[in-house]
Amino acid sequence: MSAHKEFILTLEGVTKSFDGFKAINDLNFYMDTGELRVVIGPNGAGKSTMLDLITGRTAPDVGKVEFGKDTDLTELNEYEINRLGIGRKFQTPSVYVDSTVFENIWLSLEGSRSLWSCLFSRISSEQRDRIHEVMKTIGLVDKADTKAGLLSHGQKQWLEIGMLLAQNPKLLLVDEPAAGMTDEETHKTGELLMSLEGKHSIVVIEHDMTFVRQIARKVTVLHQGHVLCEGTVDQVQNDERVIEVYLGRKKKA
Ligand code: ADP
Ligand code: MG
């Protein structure tokens, strides 16, 4: 263990039951700083619940959830966890539809601000530069003055990722970003997430295997709230246990 880089995220022996049903069951999950990790698994495997446990939306029955070397996330509430630099993107985009792309990112900049304070405070050149940098990253510079409500579904998803980036999170949790996207949008989303690798640590939950193949470094397969296997896309796709779980049968020899 000594030569190992610091883990940004450690889940160890984590169990979470809902009415006696173990949505998360003795889960062990470790992630390196700067890593882009993909988590896959059938519906109900516990993927979203795992994110709920990291973000403090729900508390584990038992087990360790740690951020960095020694921050115990189970002691903190959602707000405190967010303030540590853990940002989460839910499946459905939530942007301010009547505000422009530029304004949406402005509202999300580090340091809490309200629509009210935006209206009555002048924007600094640093803020303007930062907003442009974020718009460039998410590929929406030419939409700066477009109201978010007029964006396509994919563009709204990128804007929401941009709003998270504006807070400069250390760890970014993204739940099924490609759901409902066209193939082209899905591909662009993959490129966006890959461009963030190294600058942020990122957990991406996704079903679309073309997308997983495009972005995947290390893939974790979750099944019944437990890690079934981990490895490259090829390794997990050829793993007997994964094939059984997804297809309900053993691979023919
Ligand atoms: P996934 O995201 O992998 O599809 P989830 O984490 O959403 O799976 O759900 C895992 C299991 O836990 C499911 O059976 C789901 O019904 C159950 N579950 C998740 N959250 C709750 C909750 N708040 N109350 C009751 N059951 C829940
Ligand atoms: Mg889910």
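**Figure 1. Composition of the shell around ligand 1.** By class, this shell comprises five nonpolar, five polar and one charged residues; Ala, Val, Leu, Ile, Met, Phe, Trp, Tyr, Cys and Pro count as nonpolar, Asp, Glu, Lys and Arg as charged, and the others, Gly among them, as polar. The model is predicted: local features need pLDDT of at least 70 and side-chain atom pairs pLDDT 80 or more, whereas totals for chains, interfaces and linings use all residues. Residues are numbered from 1 along each chain as its sequence is written, chains are lettered from A and ligands numbered from 1 in the order in which they are written, and side-chain values use heavy atoms, without hydrogens and water.

**Figure 2. Residues and elements around ligand 1.** Among the surrounding residues (a heavy atom within 4 Å) are Phe 18, Phe 21, Pro 42 and Lys 47. Both β2 (21-32) and α1 (47-55) supply at least two shell residues, and the largest share, three residues, comes from α1. Helices (H or I, at least four residues) and strands (E, at least two) are DSSP runs, numbered from the N terminus.

**Figure 3. Polar backbone atoms at ligand 1.** Oxygen atoms of ligand 1 lie 2.8 Å from a polar backbone atom of Gly 44 and 2.9 Å from one of Ser 48. For Ala 45, a backbone N or O atom is 3.2 Å from a ligand 1 oxygen.

**Figure 4. Ile 105 in the largest nonpolar core.** This core has 45 residues, with Ile 105 and Leu 159 making the most contacts inside it; its members are buried (under 20% relative accessible area, 1.4 Å probe, protein chains only) and joined through side-chain atoms within 4.5 Å. Helix α6 (residues 153-165) contributes the most, six residues.

Terms used:
Buried means under 20% relative accessible area, exposed over 50%, partly exposed in between (1.4 Å probe, protein chains only). A polar contact is a pair of N or O atoms within 3.5 Å; within protein, one must be able to donate a hydrogen and the other to accept it, and residues adjacent in sequence count only if both atoms are side-chain atoms.
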